[in-house]
Amino acid sequence: MLDIYTLGEEVLQEKCQKVTKFDNALKILVDAMFDTMDEADGVGLAAPQVGVNQRLFVIHIRGAEKRAYINPQIIETSIETDTDEEGCLSIPGVWHDVQRPARVTVQAQDVEGKAFQVKAEGLLARALQHENDHLNGVLFIDRLSDEEREKMVQAYEKRNKSQRRKKR
Ligand code: NI
């Protein structure tokens, strides 16, 4: 199991680098990310959340296929938006409504480097956008107003003060 980095760690605010090697190390990382996400009961996990500055994430939505998205790009977004509650394994204990495009088309590569496209709506569209944001150093609370963001940070700090994970 990998350590999940939490709010305040620099790696969560950095723009990630493109994956260039589709080797065994990448497969091992992806498998470990799937295990870590499932163990933490999350629907998605991006590489910077486990301290890796690379453009990839995994998503596992109940009833849908588990999938790794390497070098993902959102190539189409709907004008229509949707608002729903989001949380993040890197900011445990807090949730907030976030408005995002209702539908997206994402192009990515699998662990072999093979390109694929996914058209998504609902929870998958939201998860794809949330995870893709992580690769650009953006957290869901960064999508809120300054005032709402500050409230979220305070709630997080209050709730997690006693149980904050030590830095590796
Ligand atoms: Ni997240």
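Which element supplies the largest share of the lining of the largest pocket? Keep that in mind as you move through this predicted model. The tour starts at the sheet, moves to the metal, and ends in the empty spaces.

**Stop 1: the sheet**

Select strands 1, 2, 3, 6 and 7. They form an open sheet of 5 strands in the order 1-2-3-6-7, with antiparallel pairing. Colour strand 1 (44-46) and strand 7 (115-121): these are the edge strands, and each pairs on one side only. Turn the view to follow the twist, which averages 40° from one strand to the next. Strands of a sheet pair through backbone hydrogen bonds, so show backbone atoms here.

**Stop 2: across the sheet, pair by pair**

Begin with residues 56-59 and 67-77. These are strand 2 and strand 3, which pair in the antiparallel sense over 4 bridges. Pick Leu56 and look across: Ile70 in strand 3 stands opposite.

Now add residues 103-109, which make up strand 6. Strand 3 pairs with strand 6 in the antiparallel sense, over 5 bridges. Select Gln73, then Gln107, its bridge partner in strand 6.

Go on to strand 7. Strand 6 and strand 7 run antiparallel and are joined by 7 bridges. Label Arg103 and Glu121: Glu121 is in strand 7, opposite Arg103. Then trace the chain from strand 6 into strand 7. The two form a hairpin with 5 residues between them. Stop at Gly113 in the turn, where phi is positive, at about 95°.

**Stop 3: the helix over the sheet**

Select residues 24-39. This is helix 1, and it lies across strand 1, strand 2 and strand 3. Sight along strand 2 to check the angle: helix 1 runs at about 40° to strand 2.

**Stop 4: the nickel ion**

Show the nickel ion with Cys88, His130 and His134 as sticks. The donor atoms are SG of Cys88 and NE2 of both His130 and His134, at 2.1 to 2.2 Å. In sequence, the donor residues are spaced C-x41-H-x3-H. Why does this site link separate parts of the chain? Cys88 lies in the loop between strand 4 and strand 5 (96-101), while His134 is in helix 2, so the pair ties together parts that are 46 residues apart in sequence.

**Stop 5: the largest pocket**

Rolling a probe the size of a water molecule over the atoms shows where empty space is left. Turn on the pocket display. The largest pocket has a volume of about 440 Å³. It is lined by 22 residues, and the closest to its centre are Val43, Glu86, Gly87, Cys88 and Trp95. Cys88 is also one of the nickel donors from the previous stop.

Next, highlight strand 4 (81-86) and helix 2 (122-135). Each supplies at least two residues of the lining of this pocket. Here is the reply to the opening question: helix 2 gives the largest share, 6 residues. Colour the lining by class and you should find 9 nonpolar, 7 polar and 6 charged residues.

**Stop 6: a closed space**

The structure holds 2 cavities of 30 Å³ or more. Go to the second largest, which has a volume of about 30 Å³. Select its lining: Asp82, Arg100, Pro101, Ala102, Gly122, Ala125, Arg126 and Gln129. By class, these divide into 3 nonpolar, 2 polar and 3 charged. Strand 5 and helix 2 each supply at least two of the lining residues. Helix 2 gives the most to this lining, with 4 residues.

Key: Residues numbered from 1 in each chain as written. Predicted model: local features only at pLDDT ≥ 70, side-chain atom pairs only at ≥ 80, totals over all residues. Heavy atoms only, no water. 1 Å grid on protein atoms, 1.4 Å probe; cavity = no way out; pocket = protein on both sides within 12 Å on 5 of 7 lines; lining within 4 Å. Points joined across faces, edges and corners; volume = space filled by probe spheres on them. Nonpolar A, V, L, I, M, F, W, Y, C, P; charged D, E, K, R; others polar. Pairing = 2+ DSSP bridges. Axes fitted to C-alpha atoms, helices over the stretch in contact; angles between N-to-C directions. Contact = heavy atoms within 4.5 Å. Donors = N, O, S within 2.8 Å, 3.2 Å for Na, K, Ca; no water.
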